[in-house]
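Q: I'd like a close look at the sheet in this model, please. Could you walk me through how its strands are arranged and what packs on them?

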Amino acid sequence: MTAPTTSTTYTMTGMVCGHCATLVTEEIGRVAGVTAVAVDVAGQTVTVTSDRRLDHTDIRNAVEEAGYELTTP
C-alpha cells in the first residue's frame, strides 16, 4: 500500500523564465516530505505534492529563499 499524497497549489509573484522555475523547484524540493513540484511560470503558480501534511510556512520560506514571494495561502 502506498502512502497517501497531498497536492496544494500556491500562487506567487516574480517568476519570468525557466531559470526562475528551476530555482523554485530546487528550494521547495528540499522541504521534508515533498515528492513533486510543478511550476507554471505563465500562470505564476506552483503545485507541491507531498507524502505528508506540510507547514505552509516551510513552503513560503523555500520560495522566499529562491527569491520569490507566495501570494497564497
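A: Happy to. Let's start from a single pair of residues and work outwards, keeping in mind that this is a predicted model. Threonine 8 has valine 48 of β3 as its bridge partner. That pair is a good way into the pairing of β1, residues 6-13, with β3, residues 45-50: the two strands run antiparallel and are joined over 6 bridges.

Stepping back, the sheet is an open one of 4 strands, ordered β2-β3-β1-β4, with antiparallel pairing. At its edges lie β2 (34-40) and β4 (69-70), each of which pairs on one side only. Helix α1, spanning residues 18-29, packs on this sheet and touches β1, β2 and β3. The direction of α1 makes about 160° with that of β2.

Now for the setting of the sheet. The protein chain holds 2 helices and 4 strands, and along the sequence they follow the pattern β-α-β-β-α-β. If we take contacts between residues at least 6 apart in sequence, 59% of them join residues at least 24 apart.

As for the overall form, the radius of gyration is 11 Å, which agrees with the value near 11 Å for a compact globule of 73 residues. Along the principal axes, the C-alpha atoms fill a box of roughly 40 × 20 × 20 Å. Of the 73 residues, 33% are buried. The accessible surface comes to about 4300 Å², and carbon and sulfur atoms account for 51% of that surface.

How values were computed. Residues are numbered from 1 along each chain as its sequence is written. This is a predicted model: local features need pLDDT of at least 70, side-chain atom pairs count only at pLDDT 80 or more; totals for chains, interfaces and linings use all residues. Side-chain values use heavy atoms; hydrogens and water are left out. Two strands pair if DSSP finds at least two bridges between them. Contact means heavy atoms within 4.5 Å. Axes are lines fitted to C-alpha atoms, for helices over the stretch in contact, and angles run from 0 to 180 degrees between N-to-C directions. The radius of gyration is taken over C-alpha atoms; the globule rule is 2.2 Å times the number of residues to the power 0.38. Buried means under 20% relative accessible area, exposed over 50%, partly exposed in between (1.4 Å probe, protein chains only). Accessible areas come from the Shrake-Rupley method with a 1.4 Å probe; for residues, only the protein chains shown count as cover.
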